[in-house]
Amino acid sequence: SLLTNRLERIGELLHQSWQNKRKLANTISNPFIDQLYETGLKNGAIGGRLLGAGGGGYLLFFFSSHKRNRLKRALENQGGEIMNCRFEFEGTKIWSVRTLF
């Protein structure tokens with residue numbers, strides 16, 4: 001989808017993945033997560049998915065930049081905390097090493 005510039009498809013794939021993951025066990029989600037997810041879809045998200053593990057996860061939504069403010073307000077009104085993310089073309093950067101020579 002990235003290579004063919006079909007970016008909306010990423011949201012659709014995230015949504016399908018989340019629906020499939022929820023079928024694995026009834027402990028995958030809870031009413032608060034389900035409500036946030038539905039709020040996201042109703043306010044401009046194309047799709048999303050719960051990421052992370054052990055109660056420390058987060059919902060990742062894919063959306064059009066035109067819907068960002070609407071989506072942000074709706075999720076914050078439901079108790080969501082909004083964090084930005086972006087693509088990194090140089091890979092994950094956790095730390096850097098500085099040479100002393």
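Guide: A residue counts as buried under 20% relative accessible area, as exposed over 50%, and as partly exposed in between. The model discussed here is predicted.

Visitor: Is K72 buried, partly exposed or exposed?
Guide: The relative accessibility of K72 is 28%. Buried means under 20% and exposed means over 50%. K72 therefore falls between the two limits and counts as partly exposed.

Visitor: Which residue does the side chain of K72 meet in a salt bridge?
Guide: K72 lies in helix α3, and its partner lies in that helix as well, four residues apart, about one turn of the helix. The N to O distance in the bridge is 3.0 Å. At 37% relative accessibility the partner is also partly exposed. The residue is E76.

Visitor: What distance separates the C-alpha atoms of I82 and K72?
Guide: I82 is found in the segment after α3, and is partly exposed with a relative accessible area of 29%. Along the chain, I82 and K72 are 10 residues apart. Their C-alpha atoms are separated by 6.8 Å.

Visitor: How many salt bridges does a search of the whole structure find?
Guide: The pair K72 and E76 is one of them. Others include E12 with R9, and D34 with R22. The search of the whole structure gives a total of three.

Visitor: Which helix holds both E12 and R9?
Guide: E12 and R9 form a salt bridge, with the closest N and O atoms 3.2 Å apart. E12 is partly exposed at 35% relative accessibility, and R9 is partly exposed at 25%. The two residues are three apart in sequence, so about one helical turn separates them in helix α1.

Visitor: How many residues apart in sequence are the parts tied together by D34 and R22?
Guide: The side chains of D34 and R22 meet in a salt bridge of 3.3 Å, N to O. D34 lies in helix α2 and R22 in helix α1, so this pair ties together parts of the chain. D34 is partly exposed at 25% relative accessible area, as is R22 at 33%. The separation in sequence is 12 residues.

Visitor: What area does the nonpolar surface patch made by L2, L3, L7, F87 and F89 have?
Guide: One of its members, L7, lies in the segment before α1. Patch residues need over 30% relative accessible area, and L7, partly exposed, has 37%. Together with L2, L3, F87 and F89, L7 makes a patch of about 670 Å².

Visitor: What volume does the largest pocket have?
Guide: Its lining consists of 38 residues. Y58, L59, L60, F61 and M83 are the ones nearest the centre of the pocket. The volume is about 1,300 Å³.

Visitor: Which element supplies the largest share of the lining of the largest pocket?
Guide: At least two lining residues come from each of α1 (8-22), α2 (31-42), β1 (45-51), β2 (58-63) and α3 (68-77). The largest share is six residues. These six come from β2.

Visitor: How many residues in the lining of the largest pocket are nonpolar?
Guide: The lining divides into three classes. Five of its residues are charged and 11 are polar. The nonpolar residues number 22.

Definitions and conventions:
Residues numbered from 1 in each chain as written. Predicted model: local features only at pLDDT ≥ 70, side-chain atom pairs only at ≥ 80, totals over all residues. Heavy atoms only, no water. 1 Å grid on protein atoms, 1.4 Å probe; cavity = no way out; pocket = protein on both sides within 12 Å on 5 of 7 lines; lining within 4 Å. Points joined across faces, edges and corners; volume = space filled by probe spheres on them. Nonpolar A, V, L, I, M, F, W, Y, C, P; charged D, E, K, R; others polar. Patch = residues over 30% accessible without salt bridge, like charges linked within 9 Å, V, L, I, M, F, W, Y side chains within 5 Å. Areas by Shrake-Rupley, 256 points an atom, 1.4 Å probe, with all protein chains shown as cover. Salt bridge = Lys/Arg side-chain N within 4 Å of Asp/Glu carboxyl O. Buried < 20%, exposed > 50% of the residue type's maximum accessible area, 1.4 Å probe, protein only.
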